[in-house]
Structures are given as C-alpha cells and as structure tokens.
Amino acid sequence: MAPSSAESATDREFVALLETIQRDPAVAGAVLTGSKARDGMSTRWSDHDVFVIAHDGRGTDIGDRRTATLDVVAMGMAEFRRHALPGSGSEWNRYAFVGARVVHDTPEGLIAELVARKTTLTPEEADSLAAGHLDAFVNSAYRALKNHRDGHPLAGHLDAAEAAPPLLTHVFALERRVRPYNKYLAWELAQRPLAAPAWREDRLSGLLGELVAHGRPDTLRRLFTDVEPLARAAGHGPVLDAWGDDLLLLRGTAEPGPEADSYHELP
C-alpha cells in the first residue's frame with residue numbers, strides 16, 4: 001500500500017533533517033524516539049521525535065522545532081549527558097530512550113553509550129524507586145480500601161486509580177527497567193515481558209483496566225497479593241512491615257480496628 005500524502009511529508013521532512021545533521025560538523029549525534037522508533041507503534045498521525053545533540057562550544061543552526069510532522073529537541077552534549085537521569089529535573093522523560101534509535105553518532109559511539117545509560121536503572125536507582133513507589137502504591141491502595149469500607153465509593157475509585165502508576169514503577173524497577181509511558185505499556189510487555197508470571201501482558205493489562213474502570217476492592221487486593229511476595233523477595237519487606245496491621249485490610253484477611261484508622265502519609 002502506498003503511503004498517504006501526510007506520511008510522505010513526514011518522511012521527507014525527517015530525511016531532510018538527517019541530511020542537514022550529517023552535513024553539520026557541530027552536531028555530535030541524533031536520536032529518534034517516539035512511535036516512529038518502535039516497530040508496530042507508528043500510525044498515520046505519528047511525527048518524528050528527534051533529539052539533536054551538539055558538541056559543546058560548537059554552534060549549529062539546528063534548533064528546537066515542532067510541526068505536525070517533526071518534533072526536534074536540540075541540546076548540547078553536557079546537557080544530554082544529564083538529561084532524564086536522577087537529579088536532572090527531566091527524569092520524567094527517561095522512557096523516551098528505551099527502544100530509541102541512534103540515527104547519527106560520533107565515531108566512537110558516544111551517543112549510543114549515553115542512550116544505553118538512560119535505558120537501564122542502576123542497582124541503586126532501582127532499589128530507591130522500587131522502595132519509594134511500593135510505599136506509594138500501598139498508600140493509595142489503603143486509602144481506596146478504607147474509602148470503600150466507609151461508604152465513599154467515588155473517593156475509593158479515585159484512590160484506586162492513583163495506585164496504578166506507582167505499582168507499575170515498582171514492578172519495572174524490580175527488574176531495573178524504566179516504567180513505560182502508558183501509551184507503550186502493552187507494547188513493552190509484549191516485546192519484553194516482565195519475569196514474574198503475575199505480570200504477563202494479558203493479565204496485568206486486564207487487572208489495570210478493571211482497576212481504572214471500576215476501582216473495585218477485590219482488584220486492588222489481587223494486585224497487592226501479587227506484589228507482596230515479589231517485593232519481599234527483593235528485600236523491600238521493611239517497607240511493607242512499616243504498615244503494621246494495616247496490611248490486614250490490604251490482604252482482605254481482617255478489618256483493622258479504630259486504632260489503625262489513620263493512614264500512612266507520604267512526605
């Protein structure tokens with residue numbers, strides 16, 4: 001099937017950008033991210049998302065650009081080294097580099113090396129993220145279950161939905177992986193399944209869909225009983241044990257008494 005005129009324009013603009021990059025000695029490298037970099041994710045509406053990295057101290061006419069077909073982010077090498085890593089302020093953008101394609105590089109392959117660093121959590125990063133987001137998941141799940149118990153279904157539903165993001169960050173961090181953007185979650189799970197059978201793509205997607213759509217207590221408890229043994233095996237038992245008897249409500253084994261009625265606040 002011949003590409004549509006919109007797709008042809010998108011491709012032409014991207015090819016023209018690559019030609020400009022290759023002619024510019026100030027450019028150290030370029031990275032294609034987004035749907036165009038991931039097989040099977042591109043649609044006729046997809047643009048090309050490109051990072052252009054310049055040698056520090058070298059001027060280039062290639063700057064930030066955002067059109068219907070091309071989204072360019074330009075930065076110097078020093079900034080690119082830090083971008084999306086802890087302490088950079090752009091940690092939210094880290095998954096952009098998982099599955100990204102280096103389309104222009106230095107002779108020694110520096111850009112590919114820096115991209116690879118962004119795509120995998122260090123053991124220290126993984127441990128910190130897994131612990132913090134496990135606590136956040138339990139916090140939202142506990143609030144949701146209390147609200148359902150106390151006759152506040154809307155509040156319970158909203159808190160249940162808020163439990164999904166930290167749960168995902170936790171389970172991916174357990175494998176030193178960056179949590180995917182929501183758009184790419186099913187794609188990521190299909191391409192590189194998580195190790196635990198509980199998190200196979202069809203099961204996890206189904207549970208998350210139920211959680212967000214309905215916020216039911218039984219779905220939250222299923223997710224908690226799935227994650228608890230994995231978290232403990234990874235050394236995060238103290239995070240769970242800090243919740244004391246509140247874990248009974250999460251497991252569905254007993255209702256906590258009035259003394260357990262105050263939830264654990266995150267800083």
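## Basis

Helices (H or I, at least four residues) and strands (E, at least two) are DSSP runs, numbered from the N terminus. The model is predicted: local features need pLDDT of at least 70, side-chain atom pairs count only at pLDDT 80 or more, and totals for chains, interfaces and linings use all residues. Residues are numbered from 1 along each chain as its sequence is written, and side-chain values use heavy atoms, leaving out hydrogens and water.

## Helix H7

Helix H7 covers residues 201-214. Its 14 residues should span 20 Å at 1.5 Å a residue (the expected span is 1.5 Å times one less than the number of residues). The end C-alpha atoms are 20 Å apart, which agrees. Gly215 follows H7, with a positive phi near 60 degrees.

The buried residues of H7 (under 20% relative accessible area, 1.4 Å probe, protein chains only; exposed is over 50%, partly exposed in between) are Leu204, Leu207, Leu208 and Leu211. They cover an arc of only 95 degrees around the axis, taken from the directions from the axis to the C-beta atoms, which puts them on the same side of H7. Their cover (contact means heavy atoms within 4.5 Å) includes helix H5 (153-173), helix H6 (185-191) and helix H8 (217-233).

## The sheet

Five strands form an open sheet in the order E3-E4-E2-E1-E5, with mixed pairing (two strands pair if DSSP finds at least two bridges between them). Strands E3 (65-66) and E5 (101-104) are the edges, each pairing on one side only.

Strand E1 (residues 27-33) runs antiparallel to E2 (residues 48-54), joined by 6 bridges. Ala30 has Val52 as its bridge partner in E2. Val31 has Phe51. E1 is also antiparallel to E5, through 3 bridges. There, Leu32 stands opposite Arg101. In E1, 7 of the 7 residues are buried, so the strand is largely enclosed by the rest of the structure.
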